[in-house]
Amino acid sequence: MDRRTFFERGLLGAAGIGLFGLGSFTLGGASAKPKGKFEITRTDAEWKRQLTADQYYVLRTEGTERPFSSPLDKEKRAGTFICAGCQLPLFSSRTKFDSGTGWPSFYAPLPKAVGTSTDRLLGYPRTEVHCRRCGGHLGHVFEDGPKPTGLRYCMNGDAMLFRVGKG
């Protein structure tokens, strides 16, 4: 089993068992404050009122949903994936592909939609992806995606909403 498969399938568990069988994957819930300044800011209480518990967990505490748990992983219609926190358009359905990891995956974001930072939570550097407008945690980007970019934006479905349209 390669490193990506271990961490994304083995460690997390396709059945949602989580780290060492202790339930949901919770390593990401360490920081409730996004790094940097963003156009849209709210207090923690305001975010909690606006978002569902799952959206808050992912977007505001850098959590990770269970693999294969999001209906957006199977979404095939033409449209746009938008930030659940501020409704900024993030990804076109034209760039979506099935990575087999259990999370919605894309090979490119829309222009000026996302920002990145380095995450070392698992003991090695990963590129974290966040909404450029509200700072909400979306997921991570890896260099094992398809052409034309070779990138895999592995996003949490709870961090996004889907808007049907031409995408």
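**Exercise 1. Contacts and overall make-up**

Task: Take contacts in the protein between residues at least 6 apart in sequence, and find what share joins residues at least 24 apart.

Solution. The share is 60%. Keep in mind that this is a predicted model. Next, count the elements. The protein has three helices and nine strands. Their order from the N terminus is α-α-α-β-β-β-β-β-β-β-β-β. Then turn to the surface. Of the 167 residues in the protein, 49% are buried. The exposed area is about 8600 Å². Carbon and sulfur atoms supply 55% of that area.

**Exercise 2. The sheet of three strands**

Task: Work out the strand order of the open sheet of three strands, and name its edge strands.

Solution. Start with the order: β2-β1-β9. The pairing is antiparallel. Now look for strands that pair on one side only. These are β2 (89-92) and β9 (160-164), the edge strands. From one strand to the next, the twist averages 30 degrees.

Go on to the link between β1 and β9. Strand β1 covers residues 79-83. Five bridges join β1 to β9, and the two run antiparallel. Take Gly 79 as an example: its bridge partner in β9 is Val 164.

**Exercise 3. The sheet of six strands**

Task: Give the order of the six strands in the other open sheet, and explain what happens at its edges.

Solution. Read the order as β3-β4-β8-β7-β6-β5. Here the pairing is antiparallel. The edges are held by β3 (96-97) and β5. Each has a single partner strand, so one side of each lacks a neighbour in the sheet.

Then zoom in on β4 and β8. They run antiparallel and are joined by two bridges. In one of these strands, β8, Cys 154 is the bridge partner of Ser 105.

**Exercise 4. The surroundings of Leu 90**

Task: Decide whether Leu 90 is buried or exposed, and list what it touches.

Solution. First, place the residue: Leu 90 is in strand β2. Second, check its accessibility. The relative value is 0%. The cut-off for buried is under 20%. Leu 90 therefore counts as buried.

Third, list the contacts, leaving out residues up to four places away in sequence. Leu 90 touches Thr 80, Phe 81, Ile 82, Cys 83, Pro 109, Leu 110, Ala 113, Val 114, Cys 131, Leu 138 and Met 160.

Fourth, compare sequence with space. Leu 90 and His 130 are 40 residues apart in sequence. Their C-alpha atoms are 9.9 Å apart.

**Exercise 5. Aromatic rings**

Task: Find how many aromatic pairs the structure holds, and describe the pair of Phe 81 and Phe 162.

Solution. The structure holds four aromatic pairs. In the pair of Phe 81 and Phe 162, the ring centres are 4.7 Å apart. The planes make an angle of 55 degrees, and the pair is tilted. Phe 81 sits in strand β1 and Phe 162 in strand β9, so the pair ties together parts 81 residues apart in sequence. Both residues are buried.

Now widen the view. One aromatic cluster is formed by Phe 81, Phe 91, Phe 106, Tyr 153 and Phe 162.

**Exercise 6. Charges over a ring**

Task: Say which arginines lie over the ring of Trp 47, and how far they are from its centre.

Solution. Take Arg 42 to begin with. Its charged end sits over the Trp 47 ring, 4.9 Å from the centre. Next comes Arg 60. This residue lies over the face of Trp 47, at 4.1 Å from the ring centre.

**Exercise 7. Backbone details in the loops**

Task: Locate the cis peptide bond between Lys 147 and Pro 148, then treat the positive phi values of Phe 68 and Lys 112.

Solution. Omega of the cis bond is about 15 degrees. Pro 148 lies in the loop between β7 (137-142) and β8 (152-155).

Turn to Phe 68. Its phi is near 65 degrees, a positive value in a residue other than glycine. Phe 68 belongs to the loop between α3 (53-61) and β1. With 42% relative accessibility, Phe 68 counts as partly exposed.

Finish with Lys 112. Its phi is near 55 degrees, again positive in a residue other than glycine. The loop between β4 (105-106) and β5 (114-119) holds Lys 112. Its relative accessible area is 73%, so Lys 112 is exposed.

Key. Residues are numbered from 1 along each chain as its sequence is written. This is a predicted model: local features need pLDDT of at least 70, side-chain atom pairs count only at pLDDT 80 or more; totals for chains, interfaces and linings use all residues. Side-chain values use heavy atoms; hydrogens and water are left out. Two strands pair if DSSP finds at least two bridges between them. Helices (H or I, at least four residues) and strands (E, at least two) are DSSP runs, numbered from the N terminus. Axes are lines fitted to C-alpha atoms, for helices over the stretch in contact, and angles run from 0 to 180 degrees between N-to-C directions. Buried means under 20% relative accessible area, exposed over 50%, partly exposed in between (1.4 Å probe, protein chains only). Contact means heavy atoms within 4.5 Å. Accessible areas come from the Shrake-Rupley method with a 1.4 Å probe; for residues, only the protein chains shown count as cover. Rings of Phe, Tyr and Trp (its six-membered ring) pair if their centres lie within 6.5 Å; planes under 30 degrees apart count as stacked, over 60 as edge-to-face and the rest as tilted. A charge sits over a ring if NZ of Lys or CZ of Arg is within 6 Å of the ring centre and within 35 degrees of the ring normal.
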